[in-house]
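Hi,

As promised, here is the structure for you to look through. My notes on it follow just below.

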Amino acid sequence: MKNPSDKTYEEALADLAKAIEDRDETARLIPFLKPHEQQEANRLLRILDERIERGEAALAAEYDADQKLNAARDHQRVMSIELIRRLEMMYEHILPLNNKEGMEKWRLCYDESFNFLRLDAEERGLDNSDSPEKKFP
């Protein structure tokens, strides 16, 4: 899926704007054509209108899907931060148990939560300032 901030999306949006501009300019010229040329120009204009509408709908759907994806990723960030906080609270209870396997699983979950936040921030161009400080290196 293309992100509305992607260059290809911006290019498609610019192409669509150009097509609308060209269509509008063509429509303004139709009255100056001969009657038989006007009929053909109007037919072609209707075809162009349909294509523009399909392009607008496709870009709108793409934008909507991207917004939903970003909302889901934002929610995932919030949940990862909450998971880190809960894992940090669990640490004092896990440590005295001397359970190596449990500690390894705790460590894996803890580290991967931080890795997710870092990678997500890099991929989306976020400053990662919402990520908590790692208390247990």
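Before the numbers, one definition: a contact here means heavy atoms within 4.5 Å. Please also keep in mind that this is a predicted model.

With that definition, residues 24 or more positions apart account for 65% of the protein's contacts with a separation of 6 or more.

On the overall fold, the protein has three helices and zero strands, giving the pattern α-α-α along the sequence. The radius of gyration is 27 Å, well over the 14 Å that the globule rule gives for 137 residues, so the protein is more spread out than a compact globule. Along the principal axes, the C-alpha atoms fill a box of roughly 90 × 20 × 15 Å.

Turning to the surface, the accessible area is about 10000 Å², and carbon and sulfur atoms hold 55% of that. Of the 137 residues, 22% count as buried. The protein carries 22 positive and 31 negative charges, and the mean positions of the two sets are 2 Å apart.

And where is the largest nonpolar core? It is made up of 10 residues: Ile81, Ile84, Leu87, Tyr91, Ile94, Trp106, Tyr110, Phe114, Leu117 and Phe136. Both α2 (35-94) and α3 (100-124) supply at least two residues of this core, with α2 giving the most, five residues.

Phe136 is a good residue to click on. Leaving aside residues up to four places away in sequence, Phe136 touches Glu88, Tyr91, Trp106, Arg107 and Tyr110. Of these, Tyr91, Trp106 and Tyr110 are also listed in the core.

Happy to talk it over whenever suits you.

Best wishes

Definitions and conventions:
Residues are numbered from 1 along each chain as its sequence is written. This is a predicted model: local features need pLDDT of at least 70, side-chain atom pairs count only at pLDDT 80 or more; totals for chains, interfaces and linings use all residues. Side-chain values use heavy atoms; hydrogens and water are left out. Helices (H or I, at least four residues) and strands (E, at least two) are DSSP runs, numbered from the N terminus. The radius of gyration is taken over C-alpha atoms; the globule rule is 2.2 Å times the number of residues to the power 0.38. Buried means under 20% relative accessible area, exposed over 50%, partly exposed in between (1.4 Å probe, protein chains only). Accessible areas come from the Shrake-Rupley method with a 1.4 Å probe; for residues, only the protein chains shown count as cover. Lys and Arg count as positive and Asp and Glu as negative; His and the chain ends are not counted. The place of a charge is taken as NZ of Lys, CZ of Arg, CG of Asp or CD of Glu. A nonpolar core is a set of buried Ala, Val, Leu, Ile, Met, Phe, Trp, Tyr and Cys residues joined through side-chain atoms within 4.5 Å.
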